[in-house]
Amino acid sequence: MNASFAQSCAEHVAALRRQVSDALADLVHGDEPAELYGSVRYVLSASGKRIRPVLLLLAAETWGASLGRTLSAALAVEVFHSFTLVHDDIMDHAATRRGRPTVHVKWDVDTALLCGDYLLGLSYDLLGRIESPQLARITRSLSRTVARLCEGQSLDKGFEARSDVTHEDYFNMIDRKTGALLEASLETGGLIGGASDREILALRAAGTAIGRAYQVQDDLLDLVAGDPRWGKTIGGDLVEGKKTFLLLEALRSARGEERDWFKRIVTEGGLAADLVGEARRRMESLGILETARAAVLSHSAAAIQELRTLPRCRAAGCLEHIVLEMQAREH
């Protein structure tokens with residue numbers, strides 16, 4: 001991808017993100033009850049990368065669909081994503097999201113549950129505004145995504161009590177918790193644009209690969225992020241004892257005392273915060289961080305390979321640009 005085309009893609013993607021953010025901010029106008037509508041607007045006004053709606057818009061644009069035909073669907077997947085985050089934050093006892101207090105912290109758990117429910121309903125209302133002969137198929141796709149996301153979240157929570165989680169288990173969970181909505185976003189854009197069944201399969205496969213690359217990069221950044229926009233405590237996953245790609249790779253690669261050191265993170269349910277630096281040093285010496293970077297590159301390459309089976313145009317090139325942008329992200 002030459003520099004001028006990459007710059008063109010960056011500008012186009014930035015413009016789409018602005019349009020999505022502006023439209024989200026103008027979606028809800030209710031006032032009472034104040035807690036409900038205040039929390040909903042709070043969520044919709046949060047900053048974000050808008051990856052899912054932009055993937056949808058670019059996928060549809062690949063087959064010539066205009067922004068006017070696709071914006072409602074793009075808003076639907078972003079509102080749906082916001083719903084999942086509000087409820088996930090409750091389950092994960094998360095205090096912050098995107099650098100701000102989570103809804104259940106700023107208000108309370110009951111308000112957060114209602115806020116998430118409202119957002120889920122709004123996402124389906126937005127889907128219903130799509131003018132497409134594929135509307136029934138699109139709606140079924142999102143409904144299947146609800147089930148897959150719930151499966152992924154349940155698997156992730158179940159990992160907390162398991163000491164035998166494998167890489168296969170990890171990616172099985174990620175394909176649901178992270179990949180499912182990325183798949184659905186690309187599929188929806190393709191369906192609106194008029195992609196063939198073969199092309200839809202390629203879009204879904206790209207979504208799976210993007211989800212894997214994104215999550216491994218997230219696991220890596222949790223330990224090495226230097227950008228203040230990361231907005232999370234460095235090493236937080238290790239402190240919580242989460243079975244991330246890094247920890248699973250350390251358990252698989254380490255031997256003797258080294259493996260015992262990492263195994264204690266699992267058996268003791270987490271790592272003391274003052275040992276995060278030592279964990280990073282041990283992982284660096286084992287080559288774990290480089291293995292994670294290689295996994296991000298591998299899954300990103302798999303996504304691009306699928307995207308290159310699509311019609312060649314600026315929008316398809318911009319889809320590749322997003323994959324490369326995500327691969328290189330630092331927050």
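I will go through the aromatic pairs, the nonpolar cores and one helix of this structure, which is a predicted model.

Let me begin with the rings. The whole structure holds 7 aromatic pairs, and the one I would like to show you is formed by Y42 and W107, whose rings meet edge-to-face, with 5.3 Å from centre to centre and 75° between the planes. Since Y42 belongs to helix α2 (residues 34-44) and W107 to the loop between α5 (103-106) and α6 (109-127), this pair ties together parts that are 65 residues apart in sequence. Is each partner buried or partly exposed? Y42, with a relative accessibility of 12%, counts as buried, whereas W107, with a relative accessible area of 26%, is partly exposed. The ring of W107 also has the charged end of K106 sitting over it, 5.5 Å from the ring centre. Elsewhere, the charged end of R329 sits over the ring of Y214, at 3.9 Å from its centre, and ring pairs join Y170, F171 and F245 in a cluster.

Now to the nonpolar cores. The largest of them has 69 residues, and the members that touch the most others are L27, L44, L58, V79, L119, L186 and L203; helix α4 (residues 67-92) supplies the largest share of this core, 10 residues. If we take L203 and leave aside residues up to four places away in sequence, its contacts are A59, W63, L186, G190, L307 and L310. Apart from this core lies another, of 32 residues, and Y170, A254, F262 and A292 are among them.

That brings me to helix α15, residues 288-307, whose 20 residues should span 28 Å at 1.5 Å a residue, and whose end C-alpha atoms are 29 Å apart, which agrees. Which residues of α15 are buried? They are I288, L289, A292, A295, V296, H299, S300, A303, I304 and L307, and, seen down the helix axis, these buried residues fall within an arc of 170°, so they line one face of α15. As a general point, an α-helix has 3.6 residues a turn, so residues three or four places apart point the same way. On the face of α15 turned away from the buried side we find the exposed residues E290 and Q305.

What, finally, covers the buried residues of α15? The covering elements include α8 (167-177), α10 (197-224), α12 (245-253), α14 (276-286) and α16 (314-327).

Notes. Residues numbered from 1 in each chain as written. Predicted model: local features only at pLDDT ≥ 70, side-chain atom pairs only at ≥ 80, totals over all residues. Heavy atoms only, no water. Phe/Tyr/Trp six-rings, centres within 6.5 Å; stacked < 30°, edge-to-face > 60°. Helix = DSSP H or I, 4+ residues; strand = E, 2+ residues; numbered from the N terminus. Buried < 20%, exposed > 50% of the residue type's maximum accessible area, 1.4 Å probe, protein only. Lys NZ or Arg CZ within 6 Å of the ring centre and 35° of its normal. Core = buried A, V, L, I, M, F, W, Y, C linked by side-chain atoms within 4.5 Å. Contact = heavy atoms within 4.5 Å. Expected span 1.5 Å × (residues − 1). Arc of directions from axis to C-beta.
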